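Here are some worked exercises to try with the model open beside you. Have a go at each task before you read its solution.

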Amino acid sequence: MNIDLIKLGQKIKFERIKRQLSQEELAELSNLSIHGLSNIETGKTDIRYTNLLQIAKAFEMRLCELLDFSL
């Protein structure tokens with residue numbers, strides 16, 4: 001499965017803002033660096049499956065919801 005990194009980054013940023021989290025807060029909750037999270041949100045870097053799971057867990061959502069770009 002090919003993931004559109006820009007759409008994924010936009011979705012992560014949307015969910016983060018919706019939950020009123022800063023990049024720093026989400027990075028801490030998902031055990032990522034702020035720089036790494038910023039690169040993910042802008043689509044500049046690929047994302048590991050484990051990091052996707054950590055972000056979904058931080059958002060208290062299922063991974064399939066995070067990967068659903070139609071929302």
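**Exercise 1. Leaving the helix**

Which residue with a positive phi follows α1?

*Solution.* Gln20 follows α1, and its phi is near 55 degrees. Helices here are DSSP runs of H or I with at least four residues, strands are runs of E with at least two, and both are numbered from the N terminus. A word on the ground rules: this is a predicted model, in which local features need pLDDT of at least 70 and side-chain atom pairs count only at pLDDT 80 or more, while totals for chains, interfaces and linings use all residues. Residues are numbered from 1 along each chain as its sequence is written, and side-chain values use heavy atoms, with hydrogens and water left out.

**Exercise 2. The whole chain**

Describe the protein chain by its elements, its dimensions and its surface.

*Solution.*
- Step 1: the chain has five helices and zero strands, running α-α-α-α-α from the N terminus on.
- Step 2: a compact globule of 71 residues would have a radius of gyration near 11 Å, and the 11 Å of this chain agrees. The radius is taken over C-alpha atoms, and the rule is 2.2 Å times the number of residues to the power 0.38.
- Step 3: along the principal axes, the C-alpha atoms fill a box of roughly 30 × 20 × 20 Å.
- Step 4: the accessible surface comes to about 4800 Å², with 50% belonging to carbon and sulfur atoms. These areas come from the Shrake-Rupley method with a 1.4 Å probe, and for residues only the protein chains shown count as cover.
- Step 5: 37% of the 71 residues count as buried. Buried means under 20% relative accessible area, exposed over 50%, and partly exposed in between (1.4 Å probe, protein chains only).

**Exercise 3. The buried side of α1**

Check the length of α1, then find where its buried residues point.

*Solution.*
- Step 1: the 14 residues of α1 should span 20 Å at 1.5 Å a residue, and the end C-alpha atoms are indeed 20 Å apart. The expected span is 1.5 Å times one less than the number of residues.
- Step 2: the buried residues in α1 are Leu8, Gly9, Lys11, Ile12, Glu15 and Arg16.
- Step 3: they lie on the same side of α1, because they cover an arc of only 160 degrees around the axis. The arc is that of the directions from the helix axis to the C-beta atoms.
- Step 4: the general background is that an α-helix has 3.6 residues a turn, so residues three or four places apart point the same way.
- Step 5: the buried residues of α1 pack against α2 (23-29), α3 (34-41), α4 (49-58) and α5 (63-66).
- Step 6: at the start of α1, a side-chain oxygen of Asp4 comes within 3.0 Å of the backbone nitrogen of Ile6.

**Exercise 4. A buried polar pair**

What joins the side chains of Arg16 and Glu41?

*Solution.*
- Step 1: Arg16 is found in helix α1 (residues 5-18), and Glu41 is found in helix α3.
- Step 2: Arg16 is buried at a relative accessible area of 8%, and Glu41 is buried at 7%.
- Step 3: a polar contact of 2.6 Å joins their side chains. Such a contact is a pair of N or O atoms within 3.5 Å; within protein, one must be able to donate a hydrogen and the other to accept it, and residues adjacent in sequence count only if both atoms are side-chain atoms.
- Step 4: beyond four places in sequence, Arg16 is in contact (heavy atoms within 4.5 Å) with residues including Leu21, Leu26 and Phe59. On the same basis, Glu41 touches Gly9, Ile12 and Gln23, among others.

**Exercise 5. The two faces of α4**

Sort the residues of α4 into buried and exposed.

*Solution.*
- Step 1: Asn51, Leu52, Ile55, Ala56 and Ala58 are buried in α4.
- Step 2: these buried residues fall within an arc of 160 degrees seen down the axis, so they line one face of the helix.
- Step 3: the face turned away from the buried side carries the exposed residues Tyr49 and Lys57.
- Step 4: the cover over the buried residues of α4 includes α1, α2, α3 and α5.

**Exercise 6. Positive phi in loops**

Is Asn31 buried or exposed?

*Solution.*
- Step 1: Asn31 counts as exposed at 61% relative accessibility; it is found in the loop between α2 and α3, with phi near 60 degrees.
- Step 2: Glu60 is found in the loop between α4 and α5 and counts as exposed at 76%. Its phi is positive, about 55 degrees, although Glu60 is not a glycine.
- Step 3: for context, most residues other than glycine have a negative phi.
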